[in-house]
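Q: I'd like a close look at one part of this model, the place where the two chains meet. Could you walk me through that side of the first chain, and then show me what surrounds it?

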Amino acid sequence: MTQILFKNINAKDLHTLKVYEEQGGYQSLKKAFARKPEEIIEMVKASGLRGRGGAGFPAGLKWSFLAKNVFPRYLCCNADESEPGTCKDRELLLKNPHMLIEGMILCSYACQIETGYIYMRGEFHDLSFIMDKALEEAHAKGYLGKNILGSGFNLDIHTHLGAGAYICGEESALLNSLEGGRGEPRMKPPFPAVEGLYAKPTVINNVETLCVVPYIVNEGAEKYAALGTEKSKGTKLVSVSGHVKKPGNYEVVLGTPTREIIYDLAGGIRDGNKLKAFIPGGSSTPMLPADKVDVGYDYEAIAEAGSMLGSGALIVIDDSVNIVETTLRLISFYMHESCGKCTPCREGTRWLYQIVERIMQNKGQLEYIDKLEDICGNMAMKTFCPLADACVSPVVSSIKHFRSDYEEYFKKIPVSSV
Amino acid sequence: MSDNEVTLTIDGKSVTVPKGTKLVDAAKRVDVEIPVFCYHEKIGALGCCRMCLVEVEKMPKLMTACTMDVMPDMVVKTTTEKVEKAQKGVLEFTLLNHPLDCPVCDKGGECPLQDNVFKHGSPDTRMEFHRHNNAKATALSPVITIDRERCIACQRCTAYSERIEQDRGLVMLNRGFHNEVGTFNNEPYDNRFSGNVIDICPVGALTNTDFRFKARTWDLTNVETLCAHCGCNCNITMGTRLNELMRVEARPNDAVDDGWICDKARWGHQFVHSENKISIARENSVGDGKPTSFPVLPHDCAGEDAAGKAAEAFKKIAEEHGPQSVGFIGSPYATNEENYLYQKLFRLGLGSNNIDHKVYQDTPGLPVSHYDVEQIETSNVVLLIASDPTEELPILDLRIKKAVTHGGTRLVSLNDQTIALDKYSTQSVQYKVGGEALAIDALTNGLARELGESASAQGDSGISADDMKSLVETVRSSMKICVVYNPSALSGEAVSGVKRLLKMIAKVPTMECGAIPAAPMTNAVGAMDMGLLPDFYPGGVPMSDEEEIKKQWGENAPTATGLSALEMIARAEKGELKALLVHRSNPVMDFPGGAQVTEALKKLDLLVVHDMLETETAKLANLVLPSNGPGYDEGTTTNIGGRVQARRKALQADQAPDWKIISLMLNVLGDETDYGKVSDVTEEIARKVSGYQQISRRSVGKTGCNRDSVISADEQASAKPVQAGTNGSLRLRIATFLFAEDKVLDASSKLAHHFQSSTAHFNEEDAGRLGIQDGNTVLLSAENVNLEATAKVDNRCQPGGVVVPRVSDGQRVNGLISADGNTAWVEVRKV
């Protein structure tokens with residue numbers, strides 16, 4: 001299987017500059033510096049690399065949107081990895097920090113950026129030491145700082161730890177948080193490419209996205225584009241969690257059937273149970289029932305099946321579970337993480353929680369299902385950022401695919417309370 | 001249609017609006033109301049409440065009209081089924097945990113949430129759970145109480161704090177369902193503009209502690225009038241009930257206040273019910289403030305009768321001792337009508353030009369355009385001279401901040417003390433206390449040299465050559481400049497220097513130059529225009545223009561220059577001035593000279609005080625006439641930007657209004673004009689005063705009318721070097737403090753928590769020499785007056801000066817200045 005990001009991932013001391021260089025690290029810089037910055041952007045465009053943070057926006061296109069001739073510009077690496085189920089960036093940061101640095105240098109060179117930030121979630125406190133050490137090493141070796149490898153290009157990268165909010169993974173909230181403000185999403189337009197960090201043009205990319213760039217520069221866009229499906233190029237890290245025998249991060253070529261990921265890579269369902277449902281791309285994506293397990297793991301196929309690839313967190317649910325429990329847990333997460341800015345999200349997430357909780361206490365009524373759907377309708381697409389949509393998605397998809405799980409609770413209603 | 005305009009369709013109606021207009025504002029133009037909670041046109045888009053969702057063709061989802069800029073050929077629908085469903089949904093969420101305590105809520109009856117629910121909401125609720133309970137009454141400050149249960153977290157108030165006040169005093173705390181409006185570390189939300197959040201709160205969450213539960217809004221009589229404090233003349237609504245002032249709210253007028261008022265406007269009008277209010281005319285036995293034992297006037301004498309007696313007494317003295325023996329000290333706080341009539345009374349009735357209203361030098365008119373405050377936003381450079389808007393004219397402070405942060409305006413200041421707005425200025429140049437005349441001349445000369453004109457040599461103002469050079473360059477290259485100067489903070493003849501500077505700036509090619517004379521008193525500009533001056537008739541007509549004077553005011557109009565206020569006091573002391581009428585002024589406290597003023601006033605044969613509140617001066621008066629004052633009176637005032645606006649009667653007074661009392665006195669002195677109502681006086685002003693031709697009750701209306709410029713006299717004098725002090729003494733600068741404890745803002749005021757004790761601000765150089773440290777108690781002495789203050793070594797001024805904010809009447813800081821108003825050298829020692 002093609003391994004780009006996880007090639008040698010378990011090599012001893014890969015996090016040190018010495019080992020990373022022995023594995024061929026930082027070779028891409030010279031190649032890049034020999035070209036014009038625009039050529040690198042073209043290369044990334046040609047590779048078909050799409051943002052791995054969740055939205056899947058073409059990376060090269062994003063870079064080319066930067067406001068012309070406005071400087072300074074900033075690069076923010078989104079290492080907030082806060083989508084439940086996702087733990088792929090963590091592994092990259094932990095084991096291969098230099099790969100990210102190399103990717104950031106390439107991106108900064110392509111976009112003429114001289115300052116980069118790695119915004120890490122507060123829980124990555126330990127990783128920030130590894131990252132800082134790696135930055136220090138890279139700096140000492142001349143990969144960072146002034147006039148990198150004699151190219152005349154300067155770059156400094158800093159780490160920044162968040163204070164613990166899911167919403168700070170949203171790019172504009174990340175910028176607010178990085179500036180020292182409250183983690184609330186910003187109004188768009190202006191988009192970060194025009195007015196981002198400190199009101200300057202800013203590129204924001206996920207850790208995984210940036211880590212792919214050295215491969216593209218080293219091996220060429222064509223080689224990367226040859227992998228995957230027509231519109232979903234390359235490989236993707238998938239964090240498989242839930243009721244599988246071998247949960248963990250796996251790198252797969254986009255388009256690999258989900259069945260293969262669950263049954264071959266992750267070893268199948270635990271305890272001899274059967275697959276009931278899976279959430280293909282992190283908790284904010286709609287869940288899919290077991291009969292969709294043959295869907296190809298790529299952006300388009302999953303969208304067609306009614307969900308999203310998202311951040312690549314495959315959450316597997318077996319038949320020992322009542323989906324309503326899962327739903328309540330997910331709502332609870334979003335209720336806790338709502339920033340409170342938009343009324344439908346702030347009030348709606350709590351109301352959904354109250355209703356589903358009451359259903360689980362066997363105190364619900366059949367009409368509650370319609371009401372839940374109606375409330376979801378009032379929340380979906382009505383808020384500033386997609387957090388409300390993320391909360392709505394498990395509710396709507398669970399009712400769609402597993403209505404009978406809800407109905408089970410109503411069967412248990414004591415006669416007196418009807 | 002220009003490039004800067006966009007045409008779009010809203011609910012089938014075509015509308016053309018400027019580029020960058022938000023959809024919600026564009027809709028208002030064609031009478032389409034899009035409901036909002038968080039959006040406020042002065043604060044800008046937030047996108048929090050989601051109430052304004054509308055359908056825009058070609059957009060996949062509903063859009064918030066408050067965050068969306070108009071685009072060409074956009075087709076917007078605000079009443080489709082989809083939109084109505086969304087509005088219902090959002091309102092349901094908004095009301096989900098909002099208490100239904102409208103029957104006792106202060107906002108009831110004027111609540112946007114109520115209104116929107118009536119218009120767009122569902123008649124019942126689907127909420128089956130217990131509503132969330134939260135704190136019902138938490139004090140954010142002594143004047144604002146928050147009801148957290150009612151808060152819908154729209155963030156309007158916090159956005160106001162961030163974008164308008166720009167101090168982030170009020171912020172959102174916590175997150176999600178638990179977010180709430182609060183302050184850092186639970187400190188009080190206490191600044192000069194905090195009260196505006198009460199007006200903009202779309203629910204009853206932020207409440208006026210004073211007004212809480214006092215009256216239902218529909219029981220209030222709302223009168224559109226003006227604030228009676230500083231020279232901004234912000235528009236306010238006074239809500240009264242049963243002839244009692246209940247609350248004051250902002251009444252947005254872009255040309256004046258941009259929709260905001262300061263806390264002094266909101267809570268500083270309680271003096272209308274002060275127990276110190278002078279409500280009847282009385283005679284005093286001089287010196288003790290108690291009624292005389294053998295009054296000529298009956299005990300409950302009406303103001304009109306007493307006024308008649310006063311006029312007769314003045315007439316008698318003027319006939320006996322000549323017109324030079326009577327004088328009038330008027331007020332920059334009185335209305336134009338009152339001031340106009342009073343100057344007419346003394347000039348035509350008594351033949352005297354002994355008329356004044358101030359203790360500093362100034363002349364009417366400007367050699368350049370008199371800019372209104374809106375011009376600040378379109379100026380490239382705003383130059384502050386001796387002005388501290390934050391303390392003196394708070395709403396001007398907001399306007400400047402807005403221009404600097406949201407427009408392209410640069411702020412530069414030429415001042416003798418550091419001010420709060422320095423934070424926003426690109427250059428703050430400081431001259432020595434007392435060195436304003438030299439500093440201003442240095443700037444004029446610098447410009448003159450740039451323009452190839454001759455420039456005179458100059459003394460040392462304490463400004464480095466580099467600073468001055470860069471200031472000259474900023475001014476010269478400004479294209480459009482607005483000079484904001486405070487004449488009352490300029491000593492000696494510095495104000496003529498400002499006018500010479502303005503003339504010089506106007507000579508710069510392609511320069512647009514205007515000025516705002518920013519004295520902090522309510523109607524300082526109006527008092528100048530109305531000729532409350534010993535050397536100018538109304539409209540800036542100088543005594544030398546005899547022809548014009550005779551034409552306007554008749555053959556008998558006096559043309560000899562009269563005595564200034566300070567000269568009148570000096571003559572009174574010598575016994576040469578026999579009778580003085582003081583209108584709404586308190587020389588004992590506010591004039592330089594301290595005890596000397598009291599002694600002088602005691603020597604008068606006749607002192608008549610016409611005032612609204614008991615003052616130290618009223619205690620010395622032989623006769624006290626009641627003045628109704630703001631809240632009760634009617635008339636016009638002219639703000640710092642030359643805008644004439646109407647003050648209206650919100651409360652019924654027992655006594656005749658001031659203008660009526662003055663007109664009766666005029667009648668006694670032979671003037672036959674019968675003014676039936678105050679607008680008759682306004683009409684006469686329009687006829688007689690240059691610049692006021694357009695002013696009438698109708699033209700002034702609710703939002704005012706700019707007067708034309710008045711005649712400006714030539715300025716010739718040039719600056720004298722700073723006088724040296726006696727060994728080791730420091731030059732005193734009295735600074736303005738907005739919340740000073742005086743007659744109007746007394747101990748019973750809702751703003752008493754702002755009162756401060758005396759402080760003296762030193763430069764570290766002087767402090768080192770005098771052995772003073774931060775927090776020491778120091779004694780400042782001059783003119784046999786001692787003032788105790790806490791020392792602050794904060795380099796607020798250059799070495800050789802000391803800044804003392806005027807924090808209360810009791811401080812008697814004006815007593816430190818010599819009676820001629822010129823020297824202000826104080827001895828300082830540590831106690």
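A: Happy to; here is the contact, followed by the chains on either side.

Please keep in mind that this is a predicted model. The contact between the chains draws 23 residues from chain A and 25 residues from chain B. On the side of chain A that touches chain B, the elements giving two or more residues are helix 13 (323-337), helix 14 (343-360) and helix 15 (367-379). Helix 14 of chain A gives the most to this side, with eight residues. Sorted by class, the side of chain A that touches chain B holds eight nonpolar, eight polar and seven charged residues.

Now step back to the chain that carries these helices. Chain A has 16 helices and nine strands. Its radius of gyration is 22 Å, close to the 22 Å that the globule rule gives for 418 residues, so chain A is as compact as a globular protein of that length. Measured out along the principal axes, its C-alpha trace spans about 80 × 45 × 35 Å.Within chain A, 56% of the 418 residues count as buried. Its contacts also reach across the sequence: among those between residues at least 6 apart, 70% join residues at least 24 apart.

Across the contact is chain B, which is divided into five parts: domain 1 (5-96), domain 2 (133-273), domain 3 (282-362 + 526-706), domain 4 (380-517) and domain 5 (730-830). Two of these domains also touch each other. The C-alpha centres of domain 2 and domain 5 of chain B lie 32 Å apart, and their contact takes 10 residues from domain 2 and eight residues from domain 5. On the side of domain 2 of chain B that touches domain 5 of chain B, four residues are nonpolar, two are polar and four are charged.

Chain B also has a sheet you may like to trace. This open sheet of six strands runs in the order 14-27-26-25-15-16, with mixed pairing. At its edges are strand 14 (282-283) and strand 16 (355-356) of chain B, each pairing on one side only. In general, the strands of a sheet pair through backbone hydrogen bonds, either parallel or antiparallel. Strand 26 (residues 606-611) and strand 27 (residues 623-626) of chain B take the parallel sense, over four bridges. To find this pair on screen, look for B:Val608, whose bridge partner in strand 27 of chain B is B:Leu623.

Note on methods:
Residues numbered from 1 in each chain as written. Chains lettered and ligands numbered in written order. Predicted model: local features only at pLDDT ≥ 70, side-chain atom pairs only at ≥ 80, totals over all residues. Rg over C-alpha atoms; globule rule 2.2 N^0.38 Å. Buried ≥ 20, exposed ≤ 12 C-beta atoms within 10 Å, placed from the backbone. Contact = placed C-beta atoms within 7 Å. Nonpolar A, V, L, I, M, F, W, Y, C, P; charged D, E, K, R; others polar. Pairing = 2+ DSSP bridges. Domains from an automatic or database assignment.
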